[in-house]
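Biologist: Please take me through the nonpolar interior of this model in detail. After that, I would like to see how it fits with the rest of the chain.

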Amino acid sequence: MVKKEIPRKNYYIVSIILIATLLIVITFVHFYKEFIKNEILMTDTIKEIKEVDLENFIIENPDIIIYLSNGTSKNFEKKFVNLIKENGLSKEIYYFNRYNKKVNQIFKPYLNNNESLLEIDNIILFENGKIKHILYQNKYNINENDVRYFLNSNEIIK
C-alpha cells in the first residue's frame, strides 16, 4: 500500500479558511449582541408600541410622544435615555421600532393633509389623536440638541 503525502500547502489553506470563518462568526455575534443590547436599552426605559396596537393605543392615549427608530442610532439613544430619565419622561414617550416598516403608510391616518414622514429616526408629538409636530421634515441624523429644542419648544421639558 502506497502512502500518499498531503502537501503542506493544503494544511495552510484549510487553516486560513477556518480562521476566516471563525472571525466572521465572531463579528456577526458581536453585532447581534450590540443590536439586542440597544433594543433592550430603549425598551427598558420607555414602553414599545407595536404596529398592531398603534390605532387603539392612540385612541386611548391621544396626547403622546413617539420615538421612531430602527435601532441603529446607538450613540444618540444612550443620550436620549439619559434625557428621558433626567426629565422623568418615561411615561410620556413611547418607542416604535420602524425596522422594515413603511412609517408613512402606518401613520398616514394621523398626518395632516400636506405632511409626510421620512424613513428616518424621528420624534412625533401627538395631540388629540393627531400629529401636532414632527421633529424632522427633511433627512437629518437625529441628535440630542434637536430633541432638546423640540421638547422645549413644545413645552414638554423646561
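**The nonpolar core and its surroundings**

Modeller: Of the 158 residues in the chain, 35% count as buried. The model is a predicted one. The chain contains five helices and four strands, and from the N terminus on the order of these elements is α-α-β-α-β-α-β-β-α.

The part to look at is the largest nonpolar core, which has 22 residues. The residues with the most contacts inside this core are Tyr67, Phe80, Ile93, Ile123, Ile142, Val147 and Leu151. At least two core residues come from each of strand 1 (65-69), helix 3 (74-86), strand 2 (93-97), strand 3 (122-127) and helix 5 (144-153). Helix 3 gives the largest share, five residues. A second core of 19 residues lies apart from this one, and includes Leu68, Tyr94, Leu111 and Ile124. As background, nonpolar side chains in soluble globular proteins tend to be buried together.

Ile142 is a useful place to see the packing in the largest core. With residues up to four places away in sequence set aside, Ile142 touches Tyr67, Ile123 and Val147, each of which is also listed among the residues with the most contacts inside the core. The other partners of Ile142 are Ser73, Phe76, Asp121, Asn122, Leu135 and Tyr136. The list therefore holds polar and charged residues as well as nonpolar ones, since a contact here means any heavy atoms within 4.5 Å.

One of those partners, Asp121, deserves a separate look. Asp121 sits in the loop between helix 4 (103-106) and strand 3. It counts as buried because its relative accessibility is 6%, and the cut-off for buried is under 20%. Beyond four places in sequence, Asp121 is in contact with Tyr67, Leu68, Ser69 and Asn70, and also with Ser73, Arg98, Tyr136 and Ile142. Tyr67, Ser73 and Tyr136 appear among the contacts of both Asp121 and Ile142. Leu68, another partner of Asp121, belongs to the core of 19 residues. Asp121 thus touches a member of each core: Ile142 and Tyr67 on one side of the list, Leu68 on the other.

Burial is also found at Leu54, in helix 2 (residues 54-60). Leu54 is buried because its relative accessible area is 3%, again under the 20% limit. Outside its neighbours within four places in sequence, Leu54 contacts Ile49, Ile66, Ile106, Phe107 and Tyr110. Phe107 is 53 residues away from Leu54 in sequence, with 9.0 Å between their C-alpha atoms. For the chain as a whole, 60% of the contacts with a separation of 6 or more are between residues 24 or more positions apart.

Outside the interior, several residues show the other side of the picture. Leu22 lies in helix 1 (residues 8-45) and counts as exposed at 52% relative accessibility, although it is a leucine. The C-alpha atoms of Leu22 and Leu118, 96 residues apart along the chain, are 39 Å from each other. Asn128, in the loop between strand 3 and strand 4 (130-134), is exposed with a relative accessible area of 62%. Its phi is positive, about 55°, although Asn128 is not a glycine. Glu155, in the segment after helix 5, is likewise exposed at 62%, and its phi is near 60°, a positive value in a residue other than glycine. Ser90 falls in between: this residue of the loop between helix 3 and strand 2 is partly exposed at 32%. Beyond four places in sequence, Ser90 touches Thr45, Ile46 and Ile84.

The overall dimensions give the setting for all this. The C-alpha trace spans about 90 × 35 × 30 Å along its principal axes. The radius of gyration is 23 Å, where a compact globule of 158 residues would have one near 15 Å. Two C-alpha separations fit into that frame: 62 Å from Asp121 to Lys4, and 68 Å from Ser90 to Glu5. The exposed surface comes to about 11,000 Å², of which carbon and sulfur atoms supply 54%. The chain carries 22 positive and 20 negative charges, and the mean positions of the two sets are 12 Å apart.

Note on methods:
Residues numbered from 1 in each chain as written. Predicted model: local features only at pLDDT ≥ 70, side-chain atom pairs only at ≥ 80, totals over all residues. Heavy atoms only, no water. Rg over C-alpha atoms; globule rule 2.2 N^0.38 Å. Buried < 20%, exposed > 50% of the residue type's maximum accessible area, 1.4 Å probe, protein only. Areas by Shrake-Rupley, 256 points an atom, 1.4 Å probe, with all protein chains shown as cover. Lys, Arg positive; Asp, Glu negative; His and termini not counted. Charge placed at Lys NZ, Arg CZ, Asp CG, Glu CD. Core = buried A, V, L, I, M, F, W, Y, C linked by side-chain atoms within 4.5 Å.
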